[in-house]
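Work through the exercises below with the sequence and the model open. Each one sets a task and then solves it in steps.

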Amino acid sequence: GRITAGGVWISPDEVMLQKNAVMKAERKRAELRKLAKETGDISYLEQEEALETDVEAERIEEFLKGKYGDEQFNYLPARIRTLEKIPADESRWKQWFDEALDVIDHEEFYDDAVKKVWMCIREFNAASLAHSRALHNFLNMTPFLLRWKTKAKEYLHWYREDETLLLLAGFAELNRVPDKDFMEKWYGAIRIVIHRFPGKNLVELMTHFATLNLRPAVEFIYLWYASYKKNLDFIPRGGQVEIIYALGKLKFLPSKEFLPIWYIETEREFPRWNASMFARAMEGFSIMNFSPSSDWVQQWMAYACSQFSAMQASELAACLNSFCGIGLEPEPWLMISWVEAASTRVAEFSGSELSRLIYSFGVAKYGVTESLLRDWCEAAEMVLPSFSSHAVANIIFSFGELEFVPSSAFLTRWMANATIKMPNFTTDEMITMLQVFEALSIAPDFEFRDSWCFTAESRLEKSTPQQLAELLIGFRRLSLTPSDDLVASWFSEASNRVLTADDSEKALLAKAIHLLDLQEPESFQLASIASKITDHDALPPATSI
C-alpha cells in the first residue's frame, strides 16, 4: 500500500487497480500505433495522441478522492504523469513549470520520482528551441535545480548504471555543470556500478564530461580505464574516436598504458571508419596538442586519403589543420589527394577554417597549387576582417613559404586589415612580414609603412638584441630613414643589450648599424665588427611566425 501526502492509507488493492488502469490505457495506445504503421493511416496516430493514457486511472483517482476527500488526496504518480505531457502551447508552459516546482517538494518524492522528473525536464528541453529557452529561464529564476539535486543526492547510491549515466546526460544536455558536492555523491554512486557499464555507456560517460568541459576526478579515470580494457570488444564503431576527441576537449593527455591499446583498436577499425571519423580523431589529438605515434600516423594517412572526397568542407579543413597544427608533415601523396578533394570546395570553408588553412598550406608546401591559392584568396578576401591578427600575419608567412604573390586587389585588402591590427602583432610577426615582402618583391603602401614604423618604435624597449637589429633593418626594407629620435632610442636600448649579447647577436646589431649607415655614439662601439660587413651581405632569412 501507500501513504498519501494527506496521511491517508491507500490499500494494496487500490494501488493495483490504479496500475492496471494505466497498463490497459498504454496497451490501447500501442495498438493504435501498430495500426498506423501497418495501414499508413495517420488518423490512428491522431487517435493515439488524443487518447488520455490514464483515462481509467483518472476515473479511479476520482473514486479515491471521493472516498478520502479532495484536500487529503495528492497522488504523486498522477502529478508526474501530467509533467510527462510536454505542452506545445506556450500559454501552458508556466503552469507546467509551477507543477514541476511543486512536485519537487512533495512529501512522497522518492527515488523513482527523482528520475522521472529529470526525464521530463530533459524532454521539455529537447522539444524545441523555444522550449529550451523557456526552461533555462525557469531554471535560472527558480530554486528548482537546487531542490532537485538535494533530493537526488539522497538516492544516488540506489541507482543502476544506466540511471546514474542518465543523470549526467541530463546535465550535459542542459549544459549546466553540477556542483562539487553533487559530483562527489555521483562519483560515489558510479564507483559501485561502473564495472557493469557496457562499451557504449563508457563512451557516453567521457563525451558527457567533454560536453560539460568538466575534468573527471583521477579516481574515476582509473575506474573508467579498468572497465574500458574489459569492454574493448564491445566499444561501438566510432566509439574510440569519440573517446580521444573527448580527452582532447578536456586537455586530458592519454596515459602511456591507454595509448598502445587505443592505437591497436583504432588501426583494426580503420577499414570501417567513415570520413568524419578520420577527421575527428586527428582533431582530438590537435586539441590536446599531442602528436600520436608515427606508425599510427602512417596508417591514418593511408586510409584517410581515400576518404577525402567524401568529407564535408569542414572535415577536410579539420584534417589538414589538425595534422599540421601538431607539427606533423603530410606525405606528398596525401597532399595531392587532399588538394584534389579541396580544389572545388574552397568557397565552402568558413572564415576560421580559411584562416587556419593558409598556415597549413605553408607548413605542408608540397602539392599546394597556384590555382588553389588564388581560390583561397578569393574566398578569404571578404572575410579578412574576421581574421585574428595572428591569422593575418600567417597569411604572409605562408605566401613566403610557398613563394606565392597574390593579386594586387587581395594585397590591398590585406594591408588595410594589417594596418588596423598592427598594434596586436607580435614583434616577430612584424619582422617576418617585411622579410617576406622583400623576398617576394612586394611594396607595402604608405598607410602600412607608417603604422609599422610607429608600432616598431613602441617595441624597442621590450625587444631582444636580435629583434632590435631586425626592427632597425626593417626601415631599410621599407626604404625609410628612421628619425633622429628613433635612432637615439634604438642606441639607448641596444647599449643595454650589447653587454649580455652573444657574438651572433652583436654581429646582427652591427649589421643593422652598417646597413643603415648610422653613426655610433662613443658609448656604443661595434665598429670593429661592422667594418667587416659589406653591403652585399645577405640579410637574415625569414623566420617562421
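**Exercise 1.** Is the crossing of α6 and α8 left-handed or right-handed? Classify the angle as well, and list the residues that make the contact.

Solution. The model is a predicted one.
- Step 1: locate the helices. Helix α6 spans residues 111–127 and helix α8 spans residues 144–155.
- Step 2: take the geometry. The two axes come within 9 Å and cross at roughly 140°.
- Step 3: classify the angle. Angles over 145 degrees count as roughly antiparallel, and α6 and α8 are therefore oblique to each other.
- Step 4: assign the hand. The crossing of α6 and α8 is left-handed.
- Step 5: list the contact. From α6 come Asp111, Val114, Val117, Trp118 and Ile121, and from α8 come Phe144, Leu145, Trp148, Lys151, Ala152 and Tyr155.
- Step 6: sort by class. Nine of these residues are nonpolar, two are charged and none is polar.

**Exercise 2.** Describe the packing of α5 with α7 in the terms used above.

Solution.
- Step 1: recall the description. Two packed helices are described by the angle between their axes and the distance between the axes.
- Step 2: apply it. Helix α5 (residues 93–104) and helix α7 (residues 129–141) pack at an angle of about 45°, and their axes are 11 Å apart.
- Step 3: classify the angle. Roughly parallel requires under 35 degrees; α5 and α7 are therefore oblique to each other.
- Step 4: assign the hand. The crossing of α5 with α7 is right-handed.
- Step 5: list the contact. α5 contributes Trp93, Phe97 and Leu101, while α7 contributes Ala130, His131, Ala134, Leu135 and Phe138.
- Step 6: sort by class. The contact of α5 with α7 has seven nonpolar residues, one polar residue and no charged ones.

**Exercise 3.** The structure holds 46 aromatic pairs. Why is the pair of Tyr228 and Phe258 called tilted?

Solution.
- Step 1: compare the rings. Their centres are 5.3 Å apart and their planes stand at 45°, so the pair of Tyr228 and Phe258 is tilted.
- Step 2: place the partners. Tyr228 belongs to helix α12 (residues 218–230) and Phe258 to helix α14 (residues 258–269), so that the pair links distant parts of the chain, 30 residues apart.
- Step 3: check burial. The limit for buried is under 20% relative accessible area. Tyr228 is at 0% and counts as buried; Phe258, at 3%, is buried as well.
- Step 4: look for a cluster. Ring pairs link a set of residues that includes Trp262, Tyr263, Phe270 and Trp273.

**Exercise 4.** Which residues of α13 are buried, and which elements help to cover them?

Solution.
- Step 1: count. Nine of the 11 residues in α13 are buried, and the helix is mostly covered.
- Step 2: name them. They are Gly239, Gln240, Val241, Ile243, Ile244, Tyr245, Ala246, Leu247 and Gly248.
- Step 3: find the cover. The covering elements include α11 (199–212), α12, α14 and α15 (275–287).
- Step 4: take one residue. Gln240 lies in helix α13 (residues 239–249) and is buried at a relative accessible area of 0%. Leaving aside neighbours within four places in sequence, Gln240 is in contact with Tyr228, Leu232, Ile235, Trp262, Glu265, Thr266 and Glu269.
- Step 5: look past the end. Lys251, just after α13, takes a positive phi of about 55°.

Terms used. Residues are numbered from 1 along each chain as its sequence is written. This is a predicted model: local features need pLDDT of at least 70, side-chain atom pairs count only at pLDDT 80 or more; totals for chains, interfaces and linings use all residues. Side-chain values use heavy atoms; hydrogens and water are left out. Axes are lines fitted to C-alpha atoms, for helices over the stretch in contact, and angles run from 0 to 180 degrees between N-to-C directions. Helices (H or I, at least four residues) and strands (E, at least two) are DSSP runs, numbered from the N terminus. Angles under 35 degrees count as roughly parallel, over 145 as roughly antiparallel, 65 to 115 as roughly perpendicular and the rest as oblique. A crossing is left-handed if the near helix is turned anticlockwise from the far one by less than a right angle, and right-handed if clockwise. Contact means heavy atoms within 4.5 Å. Ala, Val, Leu, Ile, Met, Phe, Trp, Tyr, Cys and Pro count as nonpolar, Asp, Glu, Lys and Arg as charged, and the others, Gly among them, as polar. Rings of Phe, Tyr and Trp (its six-membered ring) pair if their centres lie within 6.5 Å; planes under 30 degrees apart count as stacked, over 60 as edge-to-face and the rest as tilted. Buried means under 20% relative accessible area, exposed over 50%, partly exposed in between (1.4 Å probe, protein chains only).
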